[in-house]
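This report describes one protein chain, from its overall figures down to two of its helices. The sequence and the structure are shown first.

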Amino acid sequence: MDETKEHILDYITKARDNKLSLYKKDVKLLLEHYNNEVETSKSYHGRQLLELIQNADDQHASDILIILDEDNGTISVSNNGGIPFSKKGYDSLFYAHLSPKQGEEYIGHKGLGLRSILMWGEEFKIISNDIELTFSQKIARKQMAQMLSMDANFKKNYSEESRSYKIKDICPLPVFSCPQVDATPSVHYAKEYTTTIHATFKKDIGILENIKSQISELNSEILLFLPHIKAIRFQGVDKEDIICETKSLKSKPVSEDITLTNIKIDGTRWQIYEKAGKLKSVKDKKYQVKLAISDGEFRESYLYCFFPT
């Protein structure tokens, strides 16, 4: 499959236009997808950073950079994953529940977590393959107005459905369906990183505090169950970088179906016992259980539970 920058740009533009064409033909589908997008973004609220970190690990990133710029109201999360956004990755933006991450190694596989950023506000950008996609309510409203003005049949159908479903004062066009596509990124980003998510959040003290709270809650324990990430670095916030000193050491079997891996994070050694297999009660479903035990004192009295989303 040809994935040069030019072909990817053409693919994204066609995917966006095809999605909008579907909405012109089926207003109910538009309304359904809009409602799904809103509900999905709410369901992931409070764990946006975890979702972005999990996505980066799925792309085999070893290093993550989080930059908070309070003065300009932005936050960016960059990763050095060996896999930039592919055509299938872009598909997962336009089509919820359609993600290339279907292997058992992945934590997330529905392509939904990224939608949680919508709760932060004004707009966000995805920069990968040196291509910038910008998503915002402002762009969606402009696109919706254009569709209504240029297609009389769509305008008629939308007017009827909006009255039927009592839709008022909103633009029911999914933000993820209509990105602005730019071949030259407009924001500065660290080019040593493969993908950057850059969000401009609402001028709301509650949102800023929520973002800062999510950053403060990140600790070394989250690296225990992320197989690839070795470092999470911070700029613009008073927080020490999280560094894994040794990771991905060769696992050894301790029984027929349990393996043991030893890692060291922030000076603490951990033993991780893992068991994986197929569920007998559900066809084609697999499970994975990991238990991490520290050789030192517990710093926090929490039970960490990680599960596929």
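The accessible surface of the protein chain comes to about 17,200 Å², and carbon and sulfur atoms account for 50% of that area. The model is a predicted one. Of the 309 residues in the chain, 42% count as buried.

The secondary structure consists of seven helices and 12 strands. Among contacts in the chain with a separation of 6 or more, 63% are between residues 24 or more positions apart.

The number of disulfides in the chain is zero. Two cysteines can be described by their accessibility. Cys 178 has a relative accessibility of 2% and counts as buried, because the cut-off for that class is under 20%. Cys 244, at 7% relative accessibility, also counts as buried.

Two helices can be set side by side by their length.

| Helix | Number of residues | Span, first to last C-alpha | Expected span at 1.5 Å a residue |
|---|---|---|---|
| Helix 1 | 21 residues | 31 Å | 30 Å |
| Helix 2 | 17 residues | 25 Å | 24 Å |

For helix 1, the span is close to the expected value. Its buried residues are Ile 8, Leu 9, Ile 12, Ala 15, Arg 16, Lys 19, Leu 20 and Tyr 23. These residues lie on the same side of helix 1, because they cover an arc of only 130° around the axis. On the other side of helix 1, Glu 6 and Lys 25 are exposed.

What covers the buried residues of helix 1? The cover includes both helices and strands: helix 2, helix 4 (residues 87–94), helix 5 (137–150) and helix 6, together with strand 4 (131–136) and strand 5 (180–182).

Helix 2 runs over residues 27–43, and its span is likewise close to the expected one. At the start of helix 2, a side-chain oxygen of Asp 26 comes to within 3.2 Å of the backbone nitrogen of Lys 28. The buried residues in helix 2 are Val 27, Leu 30, Leu 31, Tyr 34, Glu 37, Thr 40 and Ser 41. Helix 1 (5–25) and helix 6 (152–164) are among the elements that cover them.

The two helices therefore appear in each other's cover, where cover rests on contact, that is, heavy atoms within 4.5 Å. Helix 6 is named in the cover of helix 1 and in that of helix 2.

How values were computed
Residues are numbered from 1 along each chain as its sequence is written. This is a predicted model: local features need pLDDT of at least 70, side-chain atom pairs count only at pLDDT 80 or more; totals for chains, interfaces and linings use all residues. Side-chain values use heavy atoms; hydrogens and water are left out. Helices (H or I, at least four residues) and strands (E, at least two) are DSSP runs, numbered from the N terminus. The expected span of a helix is 1.5 Å times one less than its number of residues. Buried means under 20% relative accessible area, exposed over 50%, partly exposed in between (1.4 Å probe, protein chains only). A polar contact is a pair of N or O atoms within 3.5 Å; within protein, one must be able to donate a hydrogen and the other to accept it, and residues adjacent in sequence count only if both atoms are side-chain atoms. The arc is that of the directions from the helix axis to the C-beta atoms. Accessible areas come from the Shrake-Rupley method with a 1.4 Å probe; for residues, only the protein chains shown count as cover. A disulfide is a pair of cysteine sulfur atoms within 2.5 Å.
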